[in-house]
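Reader: I'd like to walk through this protein with you, one question at a time. Could you keep the reasoning visible as we go?

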Amino acid sequence: PMSDRNLDVRTGDIRPLTSLRMVAALLVFLHHFYPFGAPESLLYAVSRQGGMGVSLFFTLSGFLIGLRYLPRFAQHGLDHAYLRSFFLKRFARIYPLYFAIALLSLLLDPEKTLNAINTVVHLTLTQSYFLTLPVQLVPTSWSLSVELGFYLLTPFVLVSMARVGGKWRTRGVLSATALLAAWTVGLLILGIGIRAVSVTTGLADWRGYGFMPSAGMMIEWTALGRFAEFAAGVLAALISTRTPWLAA
């Protein structure tokens with residue numbers, strides 16, 4: 001079991017993972033703002049790889065979601081009341097702070113303006129699916145758009161894992177690994193299909209917003225393309241709870 005030294009019993013936070021979040025945040029910060037000059041330096045080269053902090057965030061998110069909610073979705077399934085409770089907690093986690101920062105961004109930068117289309121897109125946190133919208137209001141909020149996609153997928157992913165888990169520890173982990181791989185591949189195929197439809201129908205160039213105009217953008221900016229990172233965290237959570245020797 002988790003020791004009291006590593007677990008904050010008041011909040012349920014796992015302290016080493018909180019420290020890891022700090023490292024990930026620092027990596028992302030250095031990637032966007034490198035204050036040390038000397039572009040030819042080794043430190044600058046390292047800072048250019050700071051985008052991996054986002055991958056670390058997504059994997060940590062999958063781990064914590066799996067750790068806390070896999071047993072609960074195994075118990076409740078897709079019960080409407082429990083789904084409502086889950087999504088309300090996810091909403092409270094990301095929307096209030098996001099809205100506050102978005103409002104400050106509008107107030108502090110008079111050059112930023114919103115029309116009906118990008119207002120709806122930013123309110124629904126779907127900006128990562130459009131080529132130009134992620135950089136119009138809060139540039140880094142594209143990652144919240146991806147995270148929201150993970151939250152919407154979570155109930156279906158965790159319930160499907162619970163149903164194939166099996167009674168044997170090893171078999172359950174192997175079944176879950178295969179299932180998460182299938183989810184990852186399926187979502188990539190779905191993303192490629194949506195992108196193809198977007199190009200065929202002209203949505204990829206619609207009013208200059210560019211709805212999923214390229215496969216590369218879909219893979220880098222959307223939950224459809226980055227699900228593998230989230231899935232790796234969920235699988236790590238399953239292994240850590242199913243394998244007694246990890247408790248040491």
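Reader: Happy to start with a pair of side chains: in which helix do Glu229 and Arg226 both lie?
Author: Keep in mind that this is a predicted model. Glu229 and Arg226 are three residues apart, about one turn of the helix. The element that holds both, residues 223-242, is helix H9.

Reader: Nice. At what N to O distance do the side chains of Glu229 and Arg226 meet?
Author: Side chains of opposite charge can pair when their charged atoms come close. A salt bridge needs a side-chain nitrogen of Lys or Arg within 4 Å of a carboxyl oxygen of Asp or Glu. Glu229 and Arg226 form such a salt bridge, and by this rule the count comes to one. Their N to O distance is 2.9 Å.

Reader: Are Glu229 and Arg226 buried or exposed?
Author: The cut-off for buried is under 20% relative accessible area. Glu229 has 19%, and Arg226 has 11%, so each of the two counts as buried.

Reader: Let's turn to the packing. Which helix gives the most to the largest nonpolar core?
Author: The largest nonpolar core has 45 residues, and those with the most contacts inside it include Tyr69, Phe150 and Phe227. Helices H3 (52-76), H4 (80-108), H6 (142-164), H7 (169-201), H8 (215-221) and H9 each supply at least two residues of this core. The one that gives the most, with ten residues, is H6.

Reader: And how many residues are in the other core that lies apart from it?
Author: This other core is separate from the largest one, and among its members are Ile14, Leu17, Leu64 and Ala237. Its size is six residues.

Reader: Back to Phe150: which residues does Phe150 touch, not counting those up to four places away in sequence?
Author: Phe150 is among the residues with the most contacts inside the largest nonpolar core. One of its partners is Arg226, whose side chain also meets Glu229 in the salt bridge. The full list for Phe150 is Phe58, Ala223, Arg226, Phe227 and Phe230.

Reader: Are H4 and H6 roughly parallel or roughly antiparallel to each other?
Author: The axes of H4 and H6 come within 10 Å and cross at roughly 175°. Angles over 145 degrees count as roughly antiparallel. The answer for H4 and H6 is therefore roughly antiparallel.

Reader: By class, what residues does the contact of H4 with H6 have?
Author: H4 brings residues including Phe86, Phe87 and Arg90, while H6 brings others, among them Leu148, Tyr151 and Thr154. Sorted by class, the contact has eleven nonpolar, one polar and two charged residues.

Reader: Which residues is Ser47 in contact with, leaving aside its neighbours within four places in sequence?
Author: Ser47 sits in helix H2 (residues 42-47), and Ser47 is buried, with a relative accessible area of 4%. Ser47 and Val28 are 19 residues apart in sequence, with 8.4 Å from C-alpha to C-alpha. The contacts of Ser47 are Leu30, His31 and Tyr34.

Reader: One last residue, please: which residues does Leu123 touch, not counting those up to four places away in sequence?
Author: Leu123 is part of helix H5 (residues 116-123) and counts as partly exposed, at 46% relative accessibility. Between the C-alpha atoms of Leu123 and Tyr98, 25 residues apart along the chain, the separation is 9.7 Å. The residues Leu123 touches are Tyr95 and Phe99.

Key:
Residues are numbered from 1 along each chain as its sequence is written. This is a predicted model: local features need pLDDT of at least 70, side-chain atom pairs count only at pLDDT 80 or more; totals for chains, interfaces and linings use all residues. Side-chain values use heavy atoms; hydrogens and water are left out. Helices (H or I, at least four residues) and strands (E, at least two) are DSSP runs, numbered from the N terminus. Buried means under 20% relative accessible area, exposed over 50%, partly exposed in between (1.4 Å probe, protein chains only). A nonpolar core is a set of buried Ala, Val, Leu, Ile, Met, Phe, Trp, Tyr and Cys residues joined through side-chain atoms within 4.5 Å. Contact means heavy atoms within 4.5 Å. Axes are lines fitted to C-alpha atoms, for helices over the stretch in contact, and angles run from 0 to 180 degrees between N-to-C directions. Angles under 35 degrees count as roughly parallel, over 145 as roughly antiparallel, 65 to 115 as roughly perpendicular and the rest as oblique. Ala, Val, Leu, Ile, Met, Phe, Trp, Tyr, Cys and Pro count as nonpolar, Asp, Glu, Lys and Arg as charged, and the others, Gly among them, as polar.
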